[in-house]
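This report covers backbone geometry, one helix and one charged patch. Have the chain open as you read.

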Amino acid sequence: MAKKACVMGWPVKHSRAPIIHGYWIEKHGLDATFEHAEVRPEDFPAFLAELGTRGFVGGSATMPHKEMALALTEPDERATAIGAANVIWLDNGKLRSTNSDVAGFVAALDESAPGWDRNADKAVVFGAGGAARSVVYGLLERGVERIHVHNRTPAKAQALRERFGANVVPTDDAQLDTAMSRAALVINAASFGMHGTPDLDVDLTTVRDDAVVADVVYVPLETGLLRRARARGLRVSDGLGMLLHQGPGCFEKWFGVRPVVTRELRERVERTLRGG
Ligand code: NAP
């Protein structure tokens with residue numbers, strides 16, 4: 001019988017997960033399918049409880065289910081530390097989970113800016129929501145010593161320090177210029193620039209010439225922040241890279257094969273983002 005997995009979200013029709021996993025299913029010649037599962041938040045616990053009886057080997061949880069997915073499954077250490085799970089799979093009848101956003105973010109950086117962590121002692125992260133938690137976790141794991149977090153709601157930046165420790169430094173407007181001038185990495189992990197909302201309005205003229213600028217937003221493909229960073233001659237890593245690279249970890253849990261992110265896959269997803 002074909003193995004089935006799904007992306008669970010509300011709304012979820014916009015998700016590119018079926019394109020990504022469908023590509024790998026085809027590449028590996030698997031007897032498997034991947035589909036959208038539009039699940040309202042109030043229906044999510046029942047949907048998860050019935051995942052196996054509905055014929056699924058697992059699924060990915062996207063907005064707004066990542067926190068609930070953590071609470072309703074047996075998460076690994078990484079998902080617990082981040083406070084959100086986005087990959088769920090059935091293991092002998094038990095629902096287990098992890099978080100693949102961290103690996104996605106870091107692998108995208110490795111691909112777009114090889115060696116980025118050689119001198120990456122300091123970073124500035126904008127945002128303190130779910131994506132920012134994954135980004136901060138990934139940076140700490142790779143040895144970044146000081147991560148300045150700037151957020152619209154300062155209490156949430158403070159909560160990140162409480163979660164991850166003193167290497168995370170909540171940073172206000174007055175401290176931002178100095179932090180930016182010293183940072184090896186500048187990351188938009190907030191929703192700035194998404195779907196035509198205002199871009200992150202931050203001065204890139206003072207950042208180090210060897211700094212890398214990353215964005216988690218992938219609609220549009222090139223945010224205003226990345227455009228300005230490129231124009232300033234900086235290396236960049238985009239949100240589509242993160243989205244693609246969080247996929248292999250999910251796929252392997254469901255289908256037992258570790259796929260790779262190829263240029264062909266990236267172009268396939270890019271076409272859908274450009275409306276092609
Ligand atoms: P979230 O948990 O809701 O957090 C949103 C963040 O954006 C918060 O820090 C919020 O600040 C900030 N924000 C929202 N509107 C703002 C505004 N008008 N002005 C200033 N700050 C604003 O969402 P999330 O899950 O972190 O997602 C954030 C972005 O990451 C989304 O665009 C999502 O699509 C993207 N994402 C991408 C990937 C990928 O694979 N590329 C993975 C996950 C998420 P407050 O705390 O003040 O509300």
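Pro11 sits in the loop that runs between strand E1 (3–9) and helix H1 (17–27). The model is predicted. The peptide bond leading from Trp10 into Pro11 is cis, and its omega is near -5 degrees.

Pro64 also follows a cis bond: the link from Met63 to Pro64 has omega near 0 degrees. Pro64 belongs to the loop between strand E3 (56–61) and helix H3 (66–71). For context, most peptide bonds are trans.

**Positive phi**

Most residues other than glycine have a negative phi. Asn92 is not a glycine, yet its phi is positive, about 50 degrees. Asn92 lies in the loop joining strand E5 (87–91) and strand E6 (94–98). Is Asn92 buried or exposed? Asn92 counts as exposed because its relative accessibility is 80%, and the cut-off for exposed is over 50%.

His195 is not a glycine either, and its phi is positive, about 50 degrees. The loop between E10 and E11 holds His195. His195 has a relative accessible area of 60%, so it is exposed.

The backbone features can be set side by side.

| Site | Feature | Value | Loop |
|---|---|---|---|
| Trp10 to Pro11 | cis peptide bond | omega near -5 degrees | E1 to H1 |
| Met63 to Pro64 | cis peptide bond | omega near 0 degrees | E3 to H3 |
| Asn92 | positive phi | about 50 degrees | E5 to E6 |
| His195 | positive phi | about 50 degrees | E10 to E11 |

**A negative patch**

Which residues form the negative surface patch? They are Asp177, Asp199, Asp201 and Asp203. Asp203 is in the loop between E10 and E11, the loop that also contains His195. Asp203 has a relative accessible area of 42%, so it counts as partly exposed. Partly exposed covers the range between the buried limit, under 20%, and the exposed limit, over 50%.

**Helix H9**

Helix H9 spans residues 224–231. Its buried residues are Gly224, Leu225, Leu226 and Ala229. In an α-helix, residues three or four places apart point the same way, because there are 3.6 residues a turn.

What covers the buried residues of H9? The cover includes strand E10 (185–188), strand E11 (212–215) and strand E12 (235–237). E10 and E11 are also the strands on either side of the loop with Asp203.

H9 is followed by Gly233. The phi of Gly233 is positive, near 85 degrees.

Conventions: Residues are numbered from 1 along each chain as its sequence is written. This is a predicted model: local features need pLDDT of at least 70, side-chain atom pairs count only at pLDDT 80 or more; totals for chains, interfaces and linings use all residues. Side-chain values use heavy atoms; hydrogens and water are left out. Buried means under 20% relative accessible area, exposed over 50%, partly exposed in between (1.4 Å probe, protein chains only). Helices (H or I, at least four residues) and strands (E, at least two) are DSSP runs, numbered from the N terminus. Contact means heavy atoms within 4.5 Å. Patches are made of residues with over 30% relative accessible area and no salt bridge: like charges are joined within 9 Å, nonpolar side chains (Val, Leu, Ile, Met, Phe, Trp, Tyr) within 5 Å. Accessible areas come from the Shrake-Rupley method with a 1.4 Å probe; for residues, only the protein chains shown count as cover. A salt bridge is a side-chain nitrogen of Lys or Arg within 4 Å of a carboxyl oxygen of Asp or Glu. Lys and Arg count as positive and Asp and Glu as negative; His and the chain ends are not counted. The place of a charge is taken as NZ of Lys, CZ of Arg, CG of Asp or CD of Glu.
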